[in-house]
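Colleague: Could you take a close look at one part for me, the place where the two copies meet? I'd like it in one go, with the cut-offs spelled out.

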2 protein chains.
Amino acid sequence: MSAGLTKGQETRQRIIAEAAAIFNQRGYEGCSIQAIMDATGLEKGGIYRHFESKEELAAEAFDYAWSIASTKRRHNLDAIPNHADRLKQHIANFVNRSGLAGGCPLLNTAVDSDNGNPVLRDRVRKALRDWQAFLRTILEEGIHAGTIRATIDSASAANHIISSLEGAMLISRIERNDMALRQSLEDLSSHVDSTFRQPTS
Amino acid sequence: MSAGLTKGQETRQRIIAEAAAIFNQRGYEGCSIQAIMDATGLEKGGIYRHFESKEELAAEAFDYAWSIASTKRRHNLDAIPNHADRLKQHIANFVNRSGLAGGCPLLNTAVDSDNGNPVLRDRVRKALRDWQAFLRTILEEGIHAGTIRATIDSASAANHIISSLEGAMLISRIERNDMALRQSLEDLSSHVDSTFRQPTS
């Protein structure tokens with residue numbers, strides 16, 4: 001319970017957190033209001049007092065799940081001066097520091113949000129853009145600092161990292177083990193070293 | 001209409017094909033029986049005369065969608081003798097030869113099928129295994145023939161290709177353009193040449 005929140009705000013936050021956990025495992029369409037009622041112990045009216053619609057709750061739950069995932073993936077990065085090493089730590093964080101159960105909110109929400117839910121779709125697109133911008137910034141700062149090769153296209157390199165991680169997350173979800181994620185960690189770490197990193201002369 | 005099918009079998013096939021198109025765009029949970037009724041012009045009873053449940057129809061629709069996608073991705077591969085070139089053609093087919101609207105059935109079904117639908121989940125897992133085995137076979141035949149480096153781990157290399165393509169498909173779906181898929185085609189083609197291909201001496 002955060003200090004300074006009213007009881008109503010606390011309940012709203014609790015609903016978002018419970019919904020995010022269900023939603024991230026079952027997808028938007030698979031997360032019923034009944035499941036949120038069961039998890040929170042609230043009646044339907046007690047939930048809809050805080051949200052105008054399932055769409056609004058889903059959008060808030062997605063943002064909450066994404067914020068947890070992003071925080072874990074950015075853990076300890078600022079302490080790493082070399083930009084290639086920073087990318088490698090980010091990749092390792094993605095694989096080793098799971099956020100909510102169910103894996104990556106982007107993967108779990110992209111398909112369902114593309115089905116007539118523009119509010120949720122906008123949040124998903126914004127989350128992807130934030131992640132791309134975060135990686136591009138590390139790459140461009142690295143190019144400026146001489147730690148990343150000047151020939152690297154930062155937008156393409158950012159998508160390379162995101163594609164490999166999300167695709168490996170998909171395989172791991174289907175196989176219910178983390179082998180593909182571990183392989184992706186190894187492949188991407190080698191790729192950062194062999195292709196993105198500026199060799200020290 | 002295929003020759004030799006009874007009218008009932010033809011109707012069943014038509015329901016599967018219509019359901020696959022909706023299902024691949026909206027996900028399993030987002031594909032209502034009403035949408036299939038609208039697309040086929042059949043009443044609910046006319047649909048359930050051919051399928052025991054939505055689960056059974058979804059499983060058949062997934063197999064149909066996967067079979068279309070696989071056929072497109074394997075197009076013209078047998079004519080290519082070099083195994084590295086064959087992998088590159090497969091990757092290009094994935095990017096350039098779209099199957100059903102909505103993109104890859106694996107991506108579109110993995111999350112929803114992980115939500116208490118064991119029949120569909122088994123089909124998705126089987127589809128992934130078939131794809132992995134297909135790529136591993138090309139790689140292992142290539143190692144045997146001297147076109148692929150003997151140091152390549154075929155299981156890991158297969159997952160590398162699948163991860164990049166599926167993750168790029170996810171980005172492309174969110175961004176509603178094929179830029180990430182084109183980048184993945186370029187990245188993977190380079191990777192096949194630099195890492196998997198046995199250089200000719």
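Modeller: Turn chain B by 180° with a shift of 0.0 Å along the axis, and it lies on chain A with an RMSD of 0.0 Å (a least-squares fit on C-alpha atoms of residues with pLDDT of at least 70 in both copies). The two copies are thus related as by a two-fold rotation axis. Both use the same surface, as 100% of the contact residues of chain B recur in chain A; contact here requires C-beta atoms, placed from the backbone, within 7 Å. This is a predicted model, where local features need pLDDT of at least 70 and side-chain atom pairs count only at 80 or more, while totals for chains, interfaces and linings use all residues. Residues are numbered from 1 along each chain as its sequence is written, with chains lettered from A and ligands numbered from 1 in the order written.

Chain B puts in 32 residues and chain A puts in 32 residues. On the chain B side, the elements giving two or more residues are α1 (7-30), α6 (105-113), α7 (118-145), α8 (154-175) and α9 (179-196); helices are DSSP runs of H or I, at least four residues, numbered from the N terminus. The most comes from α8(B), with 14 residues. Sorted by class, that side of chain B has 12 nonpolar, 12 polar and eight charged residues (Ala, Val, Leu, Ile, Met, Phe, Trp, Tyr, Cys and Pro are nonpolar, Asp, Glu, Lys and Arg charged, the others, Gly among them, polar).

Technical notes. Contact = placed C-beta atoms within 7 Å.
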